[in-house]
Every structure is written in structure tokens, then in C-alpha cells.
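Biologist: Please show me the model, and then we can go through its salt bridges.

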Amino acid sequence: MQQHPSQPLLSLSDDHQKDLTSVVTEALKREDVPLKESKNKPNGSGNQEEAQWGIGWRSPSILLLGLIFGILFACGHHLYYQSLSHTLVHSASQQRWAIQTGTGLAFLTKTALGATITIAFAQQLWSDLRRQSMSVEALDCLFSITSDPLCFLNLEVLLGAKVLVLLALISWFLPLIATITPATLSIETQNVTTNSTESVPSADFGKGFGMTYDSPHIRDKYFAPDPALARILMATATSLTDLPIGAPFPNSSYILSALYMGYAQSNLSNVILLNAGGINYQNFSCQLWNSSFVVHYEFLEGLQTTTTLEQRLLAPANWTIRDSPIMGEISYQAYSATLFNLLSGRIDEKASSGRLEMNAIVSDDPEFDDSTAPRGGGSPGVLMTGLAACPEITNGSVYAPITGDSLPSWMCRNGSLGPAIEDLARNFTLSLSTMPQFWPVTNASVQVNSTSPRNFFTYNPENLLISYTLAIAATMLVTLLAVRAYHINGVSSKTSFSTIMLTTRNSDLDSFGRGQCLGKIPTKKDRRAKKLQFGILHAREGDLPGGVAHAAFGFSGTVRQLKKGERCM
């Protein structure tokens, strides 16, 4: 049944109406509900609560703590890398942890400074929203410019919110510090020289080494040198240097001091005799000596260089043929006989062929005992070694013209035959340390300097300090802008959903948003061009009882600028 709006449902007399008013008024008094609108307290559905001005503690705290922690993390990153600089990388795990720790510190620095920039961005955003009206499209860009780079192409944003655009640019470039600064620590390979005590081979002349009789009737009597010694000597003579020994390290060096045997030119007994024939006959004799050697060994990528720093002749090495020779004498005889068989003899021109040959000789020196000096004959001997290039042979004989060969002079070590023989004997002595299976070798303890490539941490502080200095300086500027925005706004703000919800309570916007409840993008063109501003809405009759203005987003022309401290709902 339809009621006519002009007809009351219940008709009361004037006395009854006065009584009802008195009852209601008394009830309201008992409930302590004022008849006038409350200023700040919510007391009923018909009253309005005013907005509270003031800056909360949380937003400024995050703003400052982000800057402080960002500086601390940056300093920690620098000090950590500096502590690693020029230190040895002990393992691949240590290297990984160093890079991961640096990356973590860079990320923490970026995160802390980013938190400060985010807070400052929100304060500046709301300052710009109060200052001027902007299109919906521009507002979309302002809220999403830190995540959508295309918003930088919006001319209205660039011209109307310059400070906000600067903050957005800083937020975009801030992550670069997390990629640049970890790379300031790198790995560099350097050659490192270390000193250590190592065992190196050294020939032992105190032990007998040679072929001996071994029968029930003849025992421990020297018979002849081991044929292996002749092979060592020939390899030494043809290579013109001592044979390589095992390197303690591929790149290393050491000095070895030892008592060896060596030959020197002499006219005494137990000698090697060599007669260089030809036009001018020359005789050369060399005496076996107990000698003190100081030898420097150097290895470069395993290649050996030997330098005899000192060879001091101590005493002639003499021995006697006896039934039970001592071990040292056996070594003397084996060593001497090996050299003798190669070098002793006379170089003559063979009449039938015109070529040179080695022939056995017997010394005319009365002090020379033929019976104690093993010798050979008919062997090419000297002619197969670099000694054949010495001038005493090439110039004093018809060797070169007959053979048609000309040996280079550098093959004659030390330039003449006598010193060249001494050099050959010295190289032979040193080469015996390389063949423990053919000659007794002991292990000598020496100080070895070894050089090896090692990985070191290398820190480039300039790039890290420049990156962090720029980032921190920019964040300090942002902080100052945030403080300015706090002062202008009078409140601390965010870009959260609740903030958007509370600032868009406007019936005009309700009508404007009809048909767009899903938030679908892109927004229709006519709606994107509509300009909005956050401020005080122009009051319309019946909108807000109590005379307190309402602040919200509204269309341009329907709002005025909100003043700091102004009463609003």
C-alpha cells in the first residue's frame, strides 16, 4: 500500500510533541552526547572526526636510519676489501666468500639508501599533489615513475614535478652501486719468492764406485770404471755443459757447497796426457785434485743454468794400487779413468787418409807412473767434443784443411785447450749428481728460493669510493628534500592503499569512476585527461554538517589548496 509523503504516519498534539522532545533531550544528556558537533572525538554517526596534523616518528626514523646504515655498510664494504687487498688467496672457497660478502655489503648499502629515497619520494609526491592539479594520466605516472621508465616521457610530469623526477632518477640509478662496487675486488696473479729448506742431490766421492772383482780369490779390488760413467762424460762433453738435475721447483735457485774432484793443469803424477799434434806439437797434462765447489743452480720454467761461483783446489788426489783399496780411492780411479779414456792420447794425422786420429801415448815424465794411469788408444776422444775447436788443435794441425770443416770457436770453452779441459772435468763432476743409479748421490740440505705464480686479492678503492660517495651524496640531498616536504606538508605520508583510499572520498570521484571498478588499464582517454588535485573540497549545502571542510582529491575547480594546520575531515 503506497503512502502519500505529505501525510504523517502518526499525528501528535503539541503537548505530546513537547513531552517527546523533553524525553529525548534528557536521554541524550544521560548518555553524555552533546547536541553540538564534537570537535575531535567520534561520538555518533552524525558527527565528524577532524584530521590530526603532525609528523609521526616512524617515517622520519626510517628516513634517517636508512641514510646512517647505508653509510655504515659502505664504510664496512671499503674496510673489508681493504683488509683483503694484496693478501694471498688460499683457496677457491675463500675467493668465493670474499666476492659474496662484498656483494652482500653492496646490496645492503643499496637497500638502506633505497629505503631513505622511498620515504623521501612519498613526501615529495604528496607535496606536489597539493601544490597543483594534474591529469589522471600524469598522476598515474607520478605514482609509478619509480617502476615504469616510460613515465619519464610524460611532458606534464617533467614540467610539473621536477623534484620528484629527480628523486625517481636517483632511485633508478642507485642499484648500479650493487654492480660496480663488488667488482672493485679482483684476483691478480703475481710471482712470489719463498725460501725453504730442501734436499738436493750431491755427488758423493767418499763411496767407491767402479767395477770390482767379486770372486772367492779376488775381492774388493778395483778393475775398471762403470761404462755408465763413460756415457755421462760423453753426454757432458758433447752438450758443452753439465747435465740437468731435478729442479726442486720449476722456478727456483739455490747455492750448493760441496767437496768434489776436479782437474787442473799440472806436471804431477796421476794425470791425463794430451798431445795436440800437427805442425806444432803441444803437450797438456792435468792433475786430479780434491776441490771445494760453490755452485749456483737456477731454474726457469724447469730449464737449468749452472754457475760455478768458486772452485778451490785443496789437495792433489793420489791413490795406490792395493789389494783392498779404500772406497775413496776406488772413486778416484773410476773418475780419473773415465776422463783418461776420453782425453788421453796423441792427435796425429793419419798418413793413409790425411785425417786426424787419437793414438795412445806414454808419458816421458819420470814422475808419471804408467802402471797407475789407465789409458786407451785409437779412440776419436777429443775430436768428438768441443775441445776439437780449441786453437791448440785447429791452428797447430792440418785438421781443418783436410776435413774441410771449420768448428765454431765458441765450442772451445774458455778459449783454449787447458782451461777447456778443466771446464769439461768440472761439468763432468757436476753431472754425476744427476745419475744416482750410476754414482753415489747424497741429499744435501740447502736453502732454496722458489718463485711461483700465486693469486692475490687486488682492491681498486677509487671506483668503490667514487660510487658510494655519489650515492651517499645523492641520498643526503634526498633527505634534505624530504625534511623540506615534511615541513610543507605538516604530516608524514605514504603511497599505500590506505592513503589512497582515505584521500579519494569524494562523490564526484564516485561518479567519475563508474564503469571502471576493475581498475583495467589503459584508462579511457577522456578520463586520463581529467585533472585532479588534492585539497579542500568546495562545500555544498548538506555535504558536511558542522562547518568543517573535507580534504580529498577533487576535480580542478572544485578544490582549493590545503593549508598547513587547517581544520579538515
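The turns below deal with salt bridges and the burial of their partners.

Modeller: This is a predicted model, in which local features need pLDDT of at least 70, side-chain atom pairs count only at pLDDT 80 or more, and totals for chains, interfaces and linings use all residues. Residues are numbered from 1 along each chain as its sequence is written, and side-chain values use heavy atoms, with hydrogens and water left out.

Biologist: How many salt bridges does the structure hold?

Modeller: A salt bridge is a side-chain nitrogen of Lys or Arg within 4 Å of a carboxyl oxygen of Asp or Glu. By that criterion, the number of salt bridges in the structure is 4.

Biologist: Is aspartate 423 buried or exposed?

Modeller: The classes rest on relative accessible area: buried is under 20%, exposed is over 50%, and partly exposed is in between (1.4 Å probe, protein chains only). Aspartate 423 has 7% relative accessibility, so the residue counts as buried.

Biologist: Which residues are joined into one network by salt bridges that share partners?

Modeller: Aspartate 423 meets arginine 413 at 3.6 Å, N to O. Aspartate 423 lies in helix 12 (residues 417-431) and arginine 413 in the loop between helix 11 (399-403) and helix 12, so the pair ties together parts 10 residues apart in sequence; helices are DSSP runs (H or I, at least four residues) numbered from the N terminus. Arginine 426 also forms a salt bridge with aspartate 423, with the closest N and O atoms 3.2 Å apart. Through shared partners, the network joins Arg413, Asp423 and Arg426.

Biologist: How far apart are the closest N and O atoms of arginine 312 and glutamate 310?

Modeller: Arginine 312 is partly exposed at 47% relative accessible area, and glutamate 310 is partly exposed at 33%. Their side chains form a salt bridge, and the closest N and O atoms are separated by 2.7 Å.

Technical notes:
Helices (H or I, at least four residues) and strands (E, at least two) are DSSP runs, numbered from the N terminus.
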